[in-house]
Amino acid sequence: MKLIALVGSLRRESVNLKLALTMQERYRGKFELEIANIGMLPFFDQDGEDNPPESVQKLSEQVAAADGVLILTPEYNWSVPGVLKNALDWLSRGEKVLIGKPVLAAGASPGMYGTLRGQLHLREILSSPGIQAVMLPPAGNEIAVAQAPQKFGEGGARLTDDRTLTHIDVVVDRFLELIKKR
């Protein structure tokens with residue numbers, strides 16, 4: 001099974017990128033996870049949607065070829081970052097490769113609530129007419145790593161908090177079952 005990750009933070013030391021890398025390593029026996037580079041996309045411009053730039057075409061092809069999508073997002077001002085919204089805007093045009101695609105939202109943040117408010121906005125975006133992604137119901141399936149810096153191991157390279165990892169294991173297994181049913 002092949003999944004693609006969209007990481008909504010461009011920071012080199014992003015805890016969301018570290019979460020994606022943790023998942024890539026932890027679940028390598030269950031699926032292959034490719035991490036897309038959404039930072040290279042130009043700003044969405046409706047004038048270019050019929051002839052999108054090569055970087056947009058590549059991302060669209062990667063998403064189309066994947067069995068599912070992981071979106072790992074920080075929370076900026078109680079919403080998703082512009083770089084992630086930009087990628088989703090591009091993916092909602094042309095071939096509309098997210099329609100019917102299983103998507104799992106996750107996020108990590110230094111705050112007390114993780115990225116719950118940002119993920120609420122993300123769910124609204126993912127249900128829009130040009131996207132219509134398929135998601136697990138929110139209750140019990142949120143991956144919102146709160147107080148993230150304390151939950152990553154020595155050097156902060158990977159998530160090491162056992163309780164959080166156990167919860168993620170359960171949600172990922174549910175997501176993989178959702179994919180298999182499609």
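A cavity, as I use the word here, is a set of grid points where a 1.4 Å probe fits but cannot get out. I kept that in mind as I opened this structure, which is a predicted model.

**Entry 1: the enclosed space**

I started by asking how many cavities of 30 Å³ or more there are. The count comes to one. I then looked up its volume, which is about 50 Å³.

Next I wanted to know which residues line this largest cavity. I noted V103, L104, A105, Q119, R123, M135, L136, N141 and E142. Two elements give two or more residues to that lining, namely β4 (103-108) and α4 (116-126). The largest share comes from β4, with three residues. Sorting the lining by character, I wrote down five nonpolar, two polar and two charged residues.

**Entry 2: α3 beside α4**

Having met α4 in the lining, I followed this helix to its packing with α3. I found the two axes 11 Å apart, at an angle of about 10°. Angles under 35 degrees count as roughly parallel, so α3 and α4 are roughly parallel to each other. I also noted that α3 passes α4 in a right-handed crossing.

Which residues meet here, I wondered, between α3 and α4? From α3 I listed L84, K85 and L88, and from α4 I listed L122, I125 and L126. This contact has five nonpolar residues, one charged and no polar.

**Entry 3: α2 across α3**

I stayed with α3 (residues 82-91) and turned to α2 (residues 54-65). Their axes come within 10 Å and cross at roughly 80°. Angles of 65 to 115 degrees count as roughly perpendicular, so that word describes how α2 and α3 lie to each other.

On the α2 side I wrote down V56, L59, S60 and V63, which meet A87, W90 and L91 of α3. The contact of α2 with α3 holds six nonpolar residues, one polar and no charged.

**Entry 4: α1 and α6**

My last stop was the pair of α1 (residues 15-26) and α6 (residues 162-181). At what angle do their axes cross? I read off roughly 65°, with the axes coming within 12 Å. α1 and α6 are therefore roughly perpendicular to each other, and I noted their crossing as right-handed.

The contact is made by L19, T22, M23 and R26 of α1, together with L165, I168, D169 and V172 of α6. I sorted the residues of this contact into five nonpolar, one polar and two charged.

**Looking back**

I leave a short recap for the next reader. α3 is roughly parallel to α4 and roughly perpendicular to α2. α4 is also one of the elements giving two or more residues to the lining of the largest cavity.

Technical notes:
Residues are numbered from 1 along each chain as its sequence is written. This is a predicted model: local features need pLDDT of at least 70, side-chain atom pairs count only at pLDDT 80 or more; totals for chains, interfaces and linings use all residues. Side-chain values use heavy atoms; hydrogens and water are left out. Axes are lines fitted to C-alpha atoms, for helices over the stretch in contact, and angles run from 0 to 180 degrees between N-to-C directions. Helices (H or I, at least four residues) and strands (E, at least two) are DSSP runs, numbered from the N terminus. Angles under 35 degrees count as roughly parallel, over 145 as roughly antiparallel, 65 to 115 as roughly perpendicular and the rest as oblique. Contact means heavy atoms within 4.5 Å. Ala, Val, Leu, Ile, Met, Phe, Trp, Tyr, Cys and Pro count as nonpolar, Asp, Glu, Lys and Arg as charged, and the others, Gly among them, as polar. A crossing is left-handed if the near helix is turned anticlockwise from the far one by less than a right angle, and right-handed if clockwise. On a 1 Å grid over the protein atoms alone, a cavity is a set of points where a 1.4 Å probe fits but cannot get out, and a pocket is an open set with protein on both sides within 12 Å along at least five of seven lines; lining residues have an atom within 4 Å of a point. Grid points are joined across faces, edges and corners, and a volume is the space filled by probe spheres set on the points.
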